[in-house]
Amino acid sequence: MGTKRYFVSACLLGQKVRYDTQDCLIQELLDRISPNQYISLCPEVAGGLPTSRPPAEIQFGSGQDVLNGKIPVLDISGGNVSLAFMDGAYQVLKVTQDFQATHAILKSKSPSCGSGWIYDGSFSGHKVHGDGVTAALFKQHGIVVMTEDEFLKTTF
């Protein structure tokens with residue numbers, strides 16, 4: 001059996017790519033997977049959004065709804081950033097497939113990477129069941145998606 005290969009959200013590895021120019025470094029992730037086991041990007045940055053950007057949320061639906069063109073991803077000022085989210089998701093999917101990754105460790109609650117729970121679109125901190133745009137696309141293509149917490153609970 002070969003070594004698992006992962007896509008990992010860039011912010012979880014300490015890259016300051018979040019909307020607020022911060023990261024979400026999980027040192028234990030770096031301790032548990034070797035550099036040759038993963039590839040990393042930020043889907044939002046890959047889609048052309050700047051590192052300092054207004055927060056964005058999927059508007060009262062899920063990443064699957066965004067991919068299907070049913071609902072938008074809006075930033076807090078009302079700007080539609082759906083195309084950047086979708087473009088970034090498809091770019092990251094291609095890189096992930098080229099790397100032959102079968103698993104993804106994605107930042108929880110993110111409108112791109114959230115898996116299972118995302119913010120509801122009201123910018124109030126309320127969460128709903130659903131996946132972010134990249135997480136939904138990965139699942140469509142058979143990539144096993146987990147949050148950082150789910151990954152850390154797994155045993156090798």
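## Figure legends: overall fold and close-up views

**Overall view of the predicted model.** The protein has six helices and eight strands. The model is predicted. From the N terminus onward, the elements follow the pattern β-α-β-α-β-α-β-α-β-β-β-α-β-α. The protein has a radius of gyration of 14 Å, close to the 15 Å that the globule rule gives for 156 residues, so it is as compact as a globular protein of that length. Along the principal axes, its C-alpha atoms fill a box of roughly 45 × 30 × 25 Å. Buried residues make up 48% of the 156 in the protein. Of the contacts between residues at least 6 apart in sequence, 64% join residues at least 24 apart.

**Surface and charges of the protein.** About 7500 Å² of the protein is exposed, and carbon and sulfur atoms supply 54% of that area. The protein carries 13 positive and 15 negative charges, and the mean positions of the two sets are 4 Å apart.

**Close-up of the cysteine pair Cys11 and Cys24.** A disulfide is a covalent bond between the sulfur atoms of two cysteines. With a cut-off of 2.5 Å between sulfur atoms, the count of disulfides comes to zero. For Cys11, the closest cysteine sulfur is that of Cys24, and the distance of 4.2 Å is too far for a bond. Cys24 is likewise in no disulfide, its nearest cysteine sulfur being that of Cys11. Cys11 is buried, at 10% relative accessibility. Cys24 is buried as well, with a relative accessible area of 16%.

**Close-up of Phe60 in the loop between E3 and H3.** Phe60 sits in the loop that runs between strand E3 (56-58) and helix H3 (63-67). Its phi is positive, about 60 degrees, although Phe60 is not a glycine. The relative accessibility of Phe60 is 58%, so the residue counts as exposed.

**Close-up of Phe123 in the loop between E6 and E7.** Strand E6 (117-119) and strand E7 (127-129) are joined by the loop that holds Phe123. Phe123 has a phi near 55 degrees, a positive value in a residue other than glycine. Phe123 is partly exposed, at a relative accessible area of 26%. Phe123 is also one of the residues touched by Asp75.

**Close-up of Asp75 in strand E4.** Asp75 belongs to strand E4, which covers residues 73-75. Its relative accessible area is 11%, so Asp75 counts as buried. Leaving out residues up to four places away in sequence, Asp75 touches Pro54, Pro55, Ala56, Val81 and Phe123. Cys11 lies 64 residues from Asp75 in sequence, and the C-alpha atoms of the two are 19 Å apart.

**Close-up of Thr51 in the loop between H2 and E3.** The loop between helix H2 (43-46) and E3 contains Thr51. Thr51 is partly exposed, with 29% relative accessible area. Not counting residues up to four places away in sequence, the residues that Thr51 touches are Lys16, Val17, Arg18, Tyr19, Asp20, Thr21 and Val45. Glu150 is 99 residues from Thr51 along the chain, with 26 Å between their C-alpha atoms.

**Close-up of Tyr38 in strand E2.** Strand E2 spans residues 38-41 and includes Tyr38. At 19% relative accessibility, and with a cut-off for buried of under 20%, Tyr38 counts as buried. Apart from neighbours within four places in sequence, its contacts are Tyr6, Val8, Leu13, Leu30, Ile33 and Phe99. Between Tyr38 and His103, which are 65 residues apart in sequence, the C-alpha to C-alpha distance is 9.4 Å.

**Close-up of helix H5 and Gly142.** Helix H5, residues 133-140, is mostly covered, with six of its eight residues buried. Those buried residues are Val133, Thr134, Ala135, Ala136, Leu137 and Phe138. Just after H5 comes Gly142, with a positive phi of about 80 degrees.

Key. Residues are numbered from 1 along each chain as its sequence is written. This is a predicted model: local features need pLDDT of at least 70, side-chain atom pairs count only at pLDDT 80 or more; totals for chains, interfaces and linings use all residues. Side-chain values use heavy atoms; hydrogens and water are left out. Helices (H or I, at least four residues) and strands (E, at least two) are DSSP runs, numbered from the N terminus. The radius of gyration is taken over C-alpha atoms; the globule rule is 2.2 Å times the number of residues to the power 0.38. Buried means under 20% relative accessible area, exposed over 50%, partly exposed in between (1.4 Å probe, protein chains only). Contact means heavy atoms within 4.5 Å. Accessible areas come from the Shrake-Rupley method with a 1.4 Å probe; for residues, only the protein chains shown count as cover. Lys and Arg count as positive and Asp and Glu as negative; His and the chain ends are not counted. The place of a charge is taken as NZ of Lys, CZ of Arg, CG of Asp or CD of Glu.
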